[in-house]
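Thanks for coming. Please have a look at the structure on the screen, and then I will go through some of its contacts.

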Amino acid sequence: MKATISSETLLVNDKEFTIINVSSSPGSFGICNTTRRKEKGLRETFYLGNEPLIHITQKSVNDPYSNKMICQVSSIERSGDFVKRVMAVRDDYFSNNKTLLGALQPLLDYIKNGLYVIYEEDMIPTDGSGNFFWSSYLVNHELSGSSTYNAACPADRVIPPAFLVPTENIANYSEAHIKLAAEKVKAEDGAYGICFHLSGMFCALLSNHHEVTAALMMNKKVRCLIIEPVKNLRFANDISSVQIDREENDESQPEEDYFYTACARIPLSKISQPFLESFFLTRRKDVSKYSDVVTYNSDKNTTLKGKRGISNEIIERCDKMPDAEMLQSVAMIDYISDEELDALLQGETMLNEKYIINQNYYSSITLAFNYLLYKDFGKFLNFSSSILMNEDLTAVHQYVASRLQPIIHKRIFDLFNSIIDSDNAVYVPIMPLAEKYITRYNLRLENEEKEKEKEKELKELNDVPIMKRNLENEINSLELAKKIQHAAPPKKK
């Protein structure tokens, strides 16, 4: 039996969202509650048919503000023809110019009953911590930015769910597949896929893992159509109790109740009555005909193959990608002036009787640090250097030194060298990090020199003139010789 589907299109903060209401569905895929013991936290599972693919565990049932544990436990290839179906959806929407509903119909016919918001977003092919997204395979990560509600930024702000969790088996990863996928990425000027939202800034990638990997290596965009279940309702009068350092007269305080999604705050006044009724009917009734068997299978040990190695080139490219802390910082801060940065470097949290970011100094420094790393690399280098050179800011030295590790830059190299040369005791705690960075930097320089030598040798080899046989001339000469021989008069005896 196919589902009954209705839709509405909304414009929220200049971004278009399609709200989908699904009813009478067999519920063949979606997210269901697989919690066995509440004292160990709330566990939800993204599943396809009988197969649990990804666990999302909230450590405390009553704490939707803490980061969650996210782990891939099975592979999408075990779910019958779903892979072909989702790839057809991807091609119809991004390549064949079908309407959103027309393209998604093969998936929406089987999705769990409920309310969904669907939108496009540019994705970042990492796990939100600067690691390649496939590295989350079979590892139970606590991922920053994965909480249900993000208390780090004002209630009217949103943080796009930009990070990916794999659904394909990493044993299928291969360089040969990457090369094939690269041709398609080059032709389409990017990778395009279908995602299902899990929690916070994280989505399950349902299609073309290798194309996404190729896009990362080629520095091309990754654009996805995201399907997000709408299941969180926020009331205007309970926001202030959880916001960090919210001022009493904060104009961003919402004046009405709204649906809380990863990418939008949708006021209830914009939702039609039938859709609201569907939301309240399906929000807590978290069952489908697959729920029991998915819960049972969720407790079984996986039989997937072990983790394969990822190439160093991929790992290094992921080091340069934005991470969860950077995106949270950008969502928190509109703009930070030079005067405000100078005040923070002096140990102040206020300027002109207003909090620069918030009253917690450590939080202010870390947010400013990550904001600059995302927005202005030049200011970022100046700011991080000033922090480490200020002996009074030892409380944040460890954090800054740790965050600088993956960024290979001459100024950071010189900064850590000066710290090692210093006899000041305040730098003892970060000395191992400084030494680690210098070792890594020198190793990178050595590798670059070796690559240059190889390129030079190859160029010199190509510049050497090579005498090649001209087969065409040889054949012509041979034919001419034969003609002369036949044309010559016979010799006299």
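Lys410 is partly exposed, at 45% relative accessible area. This is a predicted model, so please keep that in mind throughout. The side chain of Lys410 meets the side chain of Asp414 in a salt bridge, with 3.0 Å from N to O. Asp414 is also partly exposed, at 36% relative accessibility. Why are Asp414 and Lys410 separated by about one helical turn? Because they sit four residues apart in helix α13, which runs over residues 410-421.

As background, side chains of opposite charge can pair when their charged atoms come close. How many salt bridges does a search of the whole structure find? The search finds 22.

The next pair is Asp122 and Arg223, whose side chains form a salt bridge at 3.1 Å, N to O. Asp122 belongs to strand β7, residues 114-122, and Arg223 to strand β12, residues 222-229, so this salt bridge ties together parts 101 residues apart in sequence. Are these two side chains buried or exposed? Asp122 has a relative accessible area of 39%, so it counts as partly exposed. Arg223 has 22%, and since the cut-off for buried is under 20%, Arg223 counts as partly exposed.

Now a third pair. Arg403 forms a salt bridge with Asp323, and their closest N and O atoms are 2.5 Å apart. This pair links distant parts of the chain, 80 residues apart: Arg403 is in helix α12, residues 394-404, while Asp323 is in the loop between α7 (312-319) and α8 (324-332). Is Arg403 buried or exposed? Arg403 is at 15% relative accessibility, so it counts as buried. Asp323, with a relative accessible area of 8%, is buried too.

The loop that holds Asp323 leads us to α8. How many of the nine residues of α8 are buried? Seven of them are, so α8 is mostly covered. The buried residues are Ala324, Met326, Leu327, Gln328, Ser329, Ala331 and Met332. What do they pack against? They pack against β9 (163-165), α10 and α12. Helix α12 is where we found Arg403.

Let us move to α10, residues 361-375, and its contact with α9. The axes of these two helices come within 11 Å and cross at roughly 135°. That angle makes α9 and α10 oblique to each other, and their crossing is left-handed. On the α9 side, the contact is made by Leu341, Leu344 and Leu345. On the α10 side, these meet Tyr361, Ser364, Ile365, Ala368 and Leu372. Sorted by class, this contact has seven nonpolar residues, one polar residue and no charged ones.

Helix α9, residues 338-345, also packs with helix α11, residues 377-389. Here the angle is about 20° and the axes are 10 Å apart. What does that make α9 relative to α11? It makes α9 roughly parallel to α11, because angles under 35 degrees count as roughly parallel. The crossing of α9 and α11 is right-handed. The residues in contact are Asp338, Leu341, Leu344 and Leu345 from α9, with Lys379, Phe383, Ser386 and Ile387 from α11. These divide into five nonpolar, one polar and two charged. Leu341, Leu344 and Leu345 of α9 take part in this contact, and they also meet α10.

One single residue before the overall numbers. Thr213 is found in helix α4, residues 209-217. Its relative accessible area is 0%, so Thr213 is buried. Which residues is Thr213 in contact with, leaving aside its neighbours within four places in sequence? They are Phe132, Phe133, Trp134, Tyr173, Ile178 and Ile314.

Finally, the whole protein. There are 15 helices and 17 strands. Of its 493 residues, 51% count as buried. Take the contacts between residues at least 6 apart in sequence: 72% of them join residues at least 24 apart. The salt bridge of Asp122 with Arg223 ties together parts 101 residues apart, and the pair of Arg403 and Asp323 links parts 80 residues apart. By contrast, Lys410 and Asp414, where we began, are four residues apart in one helix.

Note on methods: Residues numbered from 1 in each chain as written. Predicted model: local features only at pLDDT ≥ 70, side-chain atom pairs only at ≥ 80, totals over all residues. Heavy atoms only, no water. Axes fitted to C-alpha atoms, helices over the stretch in contact; angles between N-to-C directions. Parallel < 35°, antiparallel > 145°, perpendicular 65-115°, else oblique. Left-handed = near helix turned anticlockwise from the far one by under 90°. Contact = heavy atoms within 4.5 Å. Nonpolar A, V, L, I, M, F, W, Y, C, P; charged D, E, K, R; others polar. Salt bridge = Lys/Arg side-chain N within 4 Å of Asp/Glu carboxyl O. Buried < 20%, exposed > 50% of the residue type's maximum accessible area, 1.4 Å probe, protein only.
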